[in-house]
Amino acid sequence: MRSLSEIETTSKRASRAAGYSWGISEDVGKNIRLLELFGLPGIKYLDQYLKKKRKKKFEILKLINRNNKKINLAFCPINIGVSFLDQIKTIEPLKKIKFDEIAYPILFIPFLSRSSEIIGKKILLKFGKNEFLFNFNQNILTNYFKKQFPIKAQNVEIKFLENKNNFTSSEWKSLYKLSEKTFVDETDSLKHGAAGAGLTDND
Amino acid sequence: MNVKLRDPNIIMKLSRLGSFHQSRLSFLRSFLDEFKNWDFNKNLFELDKNGYGIAVYSFKKKDRVYSLVCFANEINDDERSDRVIATKWDAAFTLHDGIPSKKDIQRLRNEVPKQEIGRLSYKELTLSRANKSVRIFNHVVDSLSNGFQPSLDLLEKVGYLYRTTAVYGSGKFGLADRFRIKNREEINGPFRLEMMLVYLVRQFTFDQVNHVAKLRNPKKAVKLDKKICKNLGIGNSTGLGMAPFIVNHPTLLNNWIFCRETALKEIREIKKVNKKDSDLFKNCVRNSIKNITSWNTESQYQLKKIKNLLKDVRKFLNFVEGEFNFETDYPFNKIYLWLEKETCEECIEYIVSIMMEPFDTIIKPLIKKMSSDEEKYFDIPTYRTIKDLKKIIEKKYPNILSINFDIEENNKKFWFISKNKEEPRLADRFKEKGANLEQPLAIARDIKKLYKKILKTKSNFTIDKFLIDNSDLRHVVRRAFIVEKFPYSEIQDNTISEKTIPIDMLRLKLSFFGALKFDPRSDKWLRICMFQGAPLPNELKNYDEQWVYNT
């Protein structure tokens, strides 16, 4: 088994060899480590993408907008990933962002995961019937369980989710009520002696 | 009294970092302190009459066991090399997490002797190999088998029976990644498992030499005297492989130096020092003289440094044992100021290390702060502005900004990874091919390039916008924001100058390991000795903390 350290170093060097700057290659190394840590096939698709990139000039995007349309080929997942990560604070207010086509979308995933941690919000990625929920870079929830990842994602939609509870108010109240059974009823004597401050503190 | 931390622009210069010495903060000493109450065992020792075979040693506490698995092999003299190009070694080792099963040992027997081309698993924590000092090993075996102890003069010249030529950890060649073990309290300190491996290898070398002598002449052989064992360490040959590490781990580097600087600051701020502590300090300085006079090297560069060190330490001893009064307020502050005025860099750092000896209450909490969660500081704060970045660079890299990289001698070298061994190397960019594949280790040059670029950029521009067209500078933008928070994270010097002495970078790291007697073999590799004078495993429960100076 390859260690995560080997995975990160080799991915970084391979990305540099494929023409990315050292700084971007450092990010790619961290990303592939993250994918493999989450059990996603990062090495496999990075290798495929870097080979493909030699022959095809995937599109780059300097500034991320609400709707991002390619001119010819699909967007480079690394280039738009870096832009997304770097511009995250600027684009977050847009709430929803669309890309019409991204090549090798799996390589874009870790950028979203890291962005989720930076802004402290969950991010939802959708393309076709596939959904990925990024939880503050702690884990990724998905309904995608096939071994093969698509090499293109079309009509990609990214949503920044507001920080909301995953449960209803009545579910919370019900559980809270149960938790109250660990509390002790305060007698007069406990009111006087069990806390630090006085009962009146007007002076 | 508030003493300021020392200026990173002085301390992080290569010549100063290359003058660092071991101290109470060093990893091999903190390893011994942490594991002194663990049970040591020799679990397996199956060597033939020539000393070839397998041995297993362990440290155990409650349910936790760390096992060193040793494989001693026969190699020809012409196959023995300390260089990284070697493919065979006298012995190969791995530190296994737990008790290795028979199946594990079978697997390790196939993989460990192959070292870099073998594959380890997440159950192994560190990997190493070592070569005999053939001259010393044979002399010791001959002597013991004939019933007498070896020549102390000869042993003193070398200081070890074996020297390791690499110690790997943290995920290399399939070894366990650090994240798997980082929450274990006993290894809450950098390189602790690497230190454990080296320490246990030392014991193996004593057992092996005794074993071979005994089987050679069962009736007459004697065991190597324990006092002699104690005065032998483990040698280590170290090359450029270590140098990029300190550039590639900025927050870790910061934490090591920051702890050292904090220790010095707090010691200088002690108003009254009691007699017991001042006596301990003076004793250590006095006793350390023999560490300097027994420091053997053929390197003219090092000999000059040793000569100056010895001269200045003697001068300091005269001062501290003569005119200096320890009853004065803030005595260590006065001592430090005297050192700065009167002695060389090597001596200043030497005495700074010794100042830490009496002050456990200052040192022990710092040891726990020497690791780093590097991932936390990786992302670039891209919402910041060019104005912020400019301010950081001007404040944190003032001397680097004055280097002219258009002059050939300031831009002479380049760091690269060799294809055949995947190891870092340094070459002349104007004479050798390969500079186009340069590693990102010329931080000073790239910071200067970044600075020139931002001078031409609007100050209210945010970093995300700047990076769109300046991706080639992304790695140094990241570093600049790290150094803003971590003042000692950057070497404040030019690592590609004609005058750069790479062993200064190795020396810095080795001093934190706890190495003694640096012996440069060129400007790119050196030999050192570790654990020389350290307690033997059966003495760990009650040992002299100042063993470095008192052996």
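This note comments on chain B of a predicted model, moving from the overall fold to two helices.

1. Overall dimensions. Chain B has a radius of gyration of 24 Å, in agreement with the value near 24 Å that a compact globule of 551 residues would have. Along the principal axes, its C-alpha atoms fill a box of roughly 85 × 60 × 50 Å.

2. Secondary structure and contacts. The chain comprises 21 helices and 11 strands. Among contacts in chain B with a separation of 6 or more, 75% join residues 24 or more positions apart.

3. Burial and surface. Of the 551 residues, 61% count as buried. The exposed area of chain B is about 23,500 Å², and carbon and sulfur atoms supply 49% of it.

4. Charge. Chain B carries 99 positive and 73 negative charges, and the mean positions of the two sets lie 1 Å apart.

5. Helix α7(B). This helix covers residues 192-216; its end C-alpha atoms are 37 Å apart, which agrees with the 36 Å expected for 25 residues at 1.5 Å a residue. Because 22 of its 25 residues are buried, α7(B) is largely enclosed by the rest of the structure.

6. Helix α12(B). For the 22 residues of this helix (residues 300-321), the expected span is 32 Å, and the 31 Å between its end C-alpha atoms agrees. Its buried residues include I306(B), L309(B), L310(B), V313(B), F316(B), L317(B) and V320(B), and also K305(B) and D312(B). In an α-helix, residues three or four places apart point the same way, because there are 3.6 residues a turn. The buried residues of α12(B) pack against the helices α11 (275-293), α13 (331-342), α14 (345-355) and α20 (503-513), and against strand β10 (516-520) of chain B.

Terms used: Residues numbered from 1 in each chain as written. Chains lettered and ligands numbered in written order. Predicted model: local features only at pLDDT ≥ 70, side-chain atom pairs only at ≥ 80, totals over all residues. Heavy atoms only, no water. Helix = DSSP H or I, 4+ residues; strand = E, 2+ residues; numbered from the N terminus. Rg over C-alpha atoms; globule rule 2.2 N^0.38 Å. Buried < 20%, exposed > 50% of the residue type's maximum accessible area, 1.4 Å probe, protein only. Contact = heavy atoms within 4.5 Å. Areas by Shrake-Rupley, 256 points an atom, 1.4 Å probe, with all protein chains shown as cover. Lys, Arg positive; Asp, Glu negative; His and termini not counted. Charge placed at Lys NZ, Arg CZ, Asp CG, Glu CD. Expected span 1.5 Å × (residues − 1).
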